[in-house]
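I opened my notebook to jot down what I looked up in this one. Short entries, in the order I went through them.

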Amino acid sequence: MGANNGKQSGSEDSDLSMRTLSTPSPALILPPRSSPLSPNNLLNGSSTSSSSFTAETIAMVHAPPAGFTHPHRLPRHPRDQQGAPIDILPDHNFLQIFTHLPTNQLCRCARVCRRWYNLVWDPRLWRTIRLTGDVLHVDRALRVLTRRLCQDTPNVCLTLETVVTNGCRRLTDRGLYTVAQCCPELRRLELAGCYNVSNEAVFEVVSRCPNLEYLDVSGCSKVTCISLTREASLKLAPMHGQQISIRYLDMTDCFALEDEGLHTIAAHCPMLMHLYLRRCVRLTDEGLRCLVLYCPAIRELSVSDCRFISDFGLREIAKLEGCLRYLSIAHCGRVTDVGVRYVAKYCSRLRYLNARGCEGLTDHGLEHLAKCCPKLKSLDIGKCPLVSDAGLELLALNCFNLKRLSLKSCESISGRGLQVVAANCFDLQLLNVQDCEVSLESLHFVKRHCKRCVIEHTNPAFF
């Protein structure tokens, strides 16, 4: 479920609040006057989309009055006295429809009539809150929504498991403190692009939500670590060893993350399985050493664009052995065949490798991959000028399950290597040969042998 907002109008919050005092439901987004609320409008898709709202987003929850009247409702035509056709649907059908509505539309439905108000606040519809947009007063929206959801269970919301606020630049620590205090059953939190969030609020959430497994703080430049608060550490240390249950962590574009912060993350999150550190440019091989030491179960790891990562770091990553399935070392310019050989030798169950821009990779590195990782399904070696047809032939003769192959801007690749790939990898689904000197005949050969393959190319004669 999600909520989009429109442009911010010039009116003040207080004026908008006065207009909604007679509404029987949460007015997270006030609809335009020209679009009256009705069951047919809302469920037939004729209501104004959330992205076109001109009223400023507000967050208020009101109990339904004894006699329901809507301030913007038009006079009924005599033939409408029997009610809208949709009113004959039973409650369980309404609930099924409401499960597909984003948060803002769900709140609008609560303003239609008393029956819809009662249905909208069914706890089964509030396992997820999704709020997005630059103008949205997300702190206030979270406070009001959680307060309403806590009415039956004072101070805590036991149904809410997912909160998504991606792109809400106005989200601050205050909004996260609300989530931490009211949502102890939270399992998934997405904060991508919320750059006003700091360490303290994130620590509060992971400390108060022991079931949190999925955390996305990509683009949160103020977040430099994931850890328990000091109070939680002192309380939990004797019993739980200060462990956090997070299994998925995305810290892409957290530029301030350093080895010390990664060390703390690894020590507190030993159950990590999916970790993405793209463009965390301050990390070095030492940080990877600490990571592998505390988190031996990592299946997916990305250190793309971490320019200080070298072959020594890949040697540490290789200690993950059979657990590792996905590895991205794109644009790690210090990586060579030596590091790739370590990974290939010990991580034989590797399925995905992104080594784009690793200019030190040659055919020798591909040879180790081909012989040690026969179950490889996806390989990106674009912009690796030292990879040639000889390496491709070795790859094709050993990795028959290859489905995706990117050779973009590989200067030494010609049609001969591609033909060997096409003749052996029948399940190939995507081939990128953009900016490669590949003949038209070779492209047609690939198309004949790999019927389902999508070929990305820059040859204007091939279509």
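Lys319 came up first in my notes: at 52% relative accessibility it counts as exposed (over 50%; buried is under 20%, partly exposed in between, with a 1.4 Å probe and protein chains only). Its salt-bridge partner is Glu316, with the closest N and O atoms 3.0 Å apart. I took a salt bridge to be a side-chain nitrogen of Lys or Arg within 4 Å of a carboxyl oxygen of Asp or Glu. Glu316 has 9% relative accessibility, so I put it down as buried.

A note on what I'm reading: this is a predicted model, where local features need pLDDT of at least 70 and side-chain atom pairs count only at pLDDT 80 or more, while totals for chains, interfaces and linings use all residues. Residues are numbered from 1 along each chain as its sequence is written, and side-chain values use heavy atoms, leaving out hydrogens and water.

More salt bridges. I got 14 by this rule. One of them pairs Arg247 with Glu213, at 3.6 Å between the closest N and O atoms. Arg247 sits in the loop between α9 and β5, and Glu213 in the loop between α8 and β4, so this pair ties together parts 34 residues apart in sequence. (Helices are DSSP runs of H or I with at least four residues, strands are E runs of at least two, and both are numbered from the N terminus.) I also looked up Arg452 and Asp427, which meet at 3.8 Å, N to O. They link the α17-β13 loop to the α16-β12 loop, so parts 25 residues apart in sequence are tied together. Arg452 is exposed at 58%, while Asp427 is partly exposed at 31%. Shared partners join Asp389, Glu393 and Arg416 into one network.

Next, the helices. Which residues of α14 are buried? I listed Asp363, Gly365, Leu366, Leu369 and Ala370. They cover an arc of only 155° (taken from the directions from the helix axis to the C-beta atoms), which puts them on the same side of α14. His364 and Lys371 are exposed on the other side. The buried residues of α14 pack against α13, β9, β10 and α15, where contact means heavy atoms within 4.5 Å.

In α15, I found Asp389, Gly391, Leu392, Leu395 and Ala396 buried. Their arc is 155° too, so they line one face of that helix. They pack against α14, β10, β11 and α16.
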